[in-house]
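Me: I have a structure open and want to go through it bit by bit. Can you take some quick questions?

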Amino acid sequence: MTTSYVATAGEDTSTPSGKPPTSDRSRAEARLGQKLVAPAIILMLLVTAFPMLRAIYLSTFNYSLTAPDDREFIGLNNYITALTDPLFWQTTGITVLYMVVTVAVELVIGFGFAMVMHRIIFARGVIRTSILIPYGIITVVSGFAWQFAFSYQNGFVNDWLPFIDSTFNWFGETTPAVIAIMVSEIWKTTPFMSLLLLAGLAQVSEDMIEAAKVDGATWWQRLWKVILPNMRAAIMVAVLFRALDAYRIFDNIFVMTAGAQKTESISFLTYRQTIEQFQLGIGSALSVLLFISVVLIAFLIVKLFRVDLAQARQEG
Amino acid sequence: MRKLGTVLGCALILVWCLLPVAWIISLSFKSQSAITNGSPGFLPAEGANAGWQNYIDVWNNEQFRRAIINSIGISLIATLLSVMIATLAAYAIARLEFKGKKLVLTMALVIAMFPVVSLVGPLFDMWRAFGLYDTWPGLIIPYMSFTLPLAIWTLSAFFREIPWEMEQAAQVDGATSWQAFRRVIVPLAAPGVFTAAILTFFFAWNDFVFGISLTSTEAARPIPASLSFFVGTDPFNRPASLLAAGAVVATIPIVLIVLIFQRKIVAGLTSGAVKG
């Protein structure tokens, strides 16, 4: 690092950023900056953009690894096949259901946890450490833990729930199996949600809450009129992150039902077509459709909350 | 009244977080026969205990031992590489003015939301052609797709908080640029880099989709994939207690990290996502 470069950074704090670089120094700074980010950009493009382009290319072929010589260009036919297949819509429907239910439940429970954690003074470390345990545990392990818990052969759930028969098979039908998968997902990711909300909660000014209290607002009014509106950015980031994550749901389903009883998600269908059945053509078309739906969901959530992401993160 | 609510809330959080963990630990100490006889119950029961036998069996399982070594090696290398590359980028983002700064952050954000399964098909095809299928690099490279964005976000949020003026102050006091950087900035940046490394390691250790799709033998199969394919001697009866012991073993490194670095992880998680 050279002295001239440090001096430039010093000047920079006084001039508003974003102006086109004019001096030699700022040009040198721009070059250095671009050099430093280049490895990251190149790698990110190599591991995501390139395979994605390859997926788009492969999706236009009838291409099966079991008969690689029969590969032929079929245009958009893979997409037509996927979009006209009821299985595609059924897995998409169940994926949306997983996403909506888990994120909604996590938002409520996570907010409750965040309120408790925000208030406690004693045992703060203990609570924060334990809340990280579900976050840290491998999804596959949490899937196993809950699968065994719900299993009527080795589990305890049937014994503990008084209204459930002890021989009830949770994995024998769609609805209970979906519930079991959701429980595992919610257990694992609620702590993450609550930590994000806790950070948002810490940003709400105590003065405003006090002022509302002096003006005679009830606890409920303070929550809805002061706390929640001021946390909008944090809530949106949490919902966006979790929703996109939940839409990719795969690990829990793989471990708990292996897709049986119509619990299969869109990610699972894509995996099954490409890796298990070697249908790279149709599998790639599904990959592209999955990607498009994730982009759509992200767009919808950002629109819904009307928050500028960059601003929420104080990017400026 | 309010205090009671908080205490109850704390109890609820603790039960929430620890119940399944306690359950899987309890299961891992049960004998296989007690489980096949049905409903062994939540707590350890008289006559159903296997002692450390399940753990010994897991340890003596070659497949399982390989998977642990693979996971440790692959996750550590992926973490090291992505934190190194992300540190350069994050430093530039926090400190320098240049075109394309926003682009890097936006790109990282988009990639962080990318459905991993979408990459699996083309990578499967490409890796087989390049000879990367079922190798360590064959997993390390795809892991970059989710560890890099995470590391870039966490680090750039962290670096922005560093008072860079201190570097100049040190220079005014007679230090050279390099001394100022090494003595002042490096110690300030180190905790952030470390936090990013822990989070990155978490993500890599947790990966499942790449782990099951891009490997076929114990040459590179990581522990989550290995656990899910573990059937034991009787393919029709999954050995629940043995699997539970394996799950506990796979979880121990993570829990140790959590216990030791709790404060850093919370700071890193929240600063990376919501700047607070």
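Me: Cysteines to start with. How many disulfides does the structure hold over all chains?

Reply: The count is 0 over all chains. Keep in mind that this is a predicted model.

Me: What about Cys10(B), where is the nearest cysteine sulfur?

Reply: The nearest one belongs to Cys17(B), 11 Å away, and Cys10(B) is in no disulfide.

Me: Why is there no bond from Cys17(B)?

Reply: The closest cysteine sulfur to that of Cys17(B) is in Cys10(B), and at 11 Å it is too far for a bond. A disulfide here needs the two sulfur atoms within 2.5 Å.

Me: Are those two buried or exposed?

Reply: Cys10(B) counts as buried because its relative accessibility is 7%. Cys17(B) is buried as well, with a relative accessible area of 0%. The cut-off for buried is under 20%.

Me: OK, chain B as a whole. How many helices and strands?

Reply: Chain B has 12 helices and 0 strands. Its pattern along the sequence is therefore helix after helix, α-α-α-α-α-α-α-α-α-α-α-α.

Me: What box do its C-alpha atoms fill?

Reply: Roughly 75 × 65 × 30 Å, taken along the principal axes.

Me: And how much of chain B is buried?

Reply: Buried residues are 57% of the 276 residues in chain B. The chain exposes about 11,500 Å², with carbon and sulfur atoms supplying 69% of that area.

Me: What share of its contacts join residues at least 24 apart?

Reply: 74%, taken among contacts in chain B between residues at least 6 apart in sequence.

Me: Charges? How far apart are the mean positions of the positive and negative ones in chain B?

Reply: They are 9 Å apart, for 18 positive and 13 negative charges.

Me: Now chain A. What does it have in helices and strands?

Reply: Chain A has 15 helices and 2 strands. Of its 316 residues, 54% are buried. About 14,400 Å² of chain A is exposed, and carbon and sulfur atoms supply 64% of it. Among contacts in chain A with a separation of 6 or more, 66% come from residues 24 or more positions apart.

Me: Which residues of helix α3 in chain A are buried?

Reply: The helix covers residues 77-84, and its buried residues are Asn78(A), Tyr79(A) and Ala82(A). Seen down the axis of α3(A), they fall within an arc of 95°, so they line one face of the helix.

Me: What do they pack against?

Reply: The buried residues of α3(A) pack against α2 (24-58), β1 (61-62), α4 (86-119) and α14 (280-305) of chain A.

Me: Next, Gly143(A). Where is it?

Reply: Gly143(A) sits in helix α6 of chain A, residues 139-150. Gly143(A) is buried, with a relative accessible area of 0%.

Me: What is it in contact with, beyond its neighbours within four places in sequence?

Reply: With those neighbours left aside, Gly143(A) is in contact with Ser184(A), Asn252(A), Val255(A) and Met256(A). Its C-alpha atom is also separated by 7.7 Å from that of Ile181(A), 38 residues apart along the chain.

Me: Backbone angles. What is phi of Lys262(A)?

Reply: Phi of Lys262(A) is near 55°, a positive value in a residue other than glycine. Most residues other than glycine have a negative phi.

Me: Where does Lys262(A) lie, and is it buried or exposed?

Reply: Lys262(A) is in the loop between α12 (251-256) and α13 (266-276) of chain A. Its relative accessibility is 53%, so Lys262(A) counts as exposed.

Me: What does Lys262(A) contact, leaving aside neighbours within four places in sequence?

Reply: Gln90(A), Ile94(A) and Thr174(A) are in contact with Lys262(A). Gln90(A) is 172 residues from Lys262(A) in sequence, but their C-alpha atoms are 8.2 Å apart in space.

Me: Which residue in chain B has a positive phi although it is not a glycine?

Reply: Asp134(B) is one, with phi at about 65°. Asp134(B) lies in the loop between α6 (117-130) and α7 (136-160) of chain B.

Me: Buried or exposed, that Asp134(B)?

Reply: Asp134(B) is buried, with a relative accessible area of 11%.

Notes: Residues numbered from 1 in each chain as written. Chains lettered and ligands numbered in written order. Predicted model: local features only at pLDDT ≥ 70, side-chain atom pairs only at ≥ 80, totals over all residues. Heavy atoms only, no water. Buried < 20%, exposed > 50% of the residue type's maximum accessible area, 1.4 Å probe, protein only. Helix = DSSP H or I, 4+ residues; strand = E, 2+ residues; numbered from the N terminus. Arc of directions from axis to C-beta. Contact = heavy atoms within 4.5 Å. Areas by Shrake-Rupley, 256 points an atom, 1.4 Å probe, with all protein chains shown as cover. Lys, Arg positive; Asp, Glu negative; His and termini not counted. Charge placed at Lys NZ, Arg CZ, Asp CG, Glu CD.
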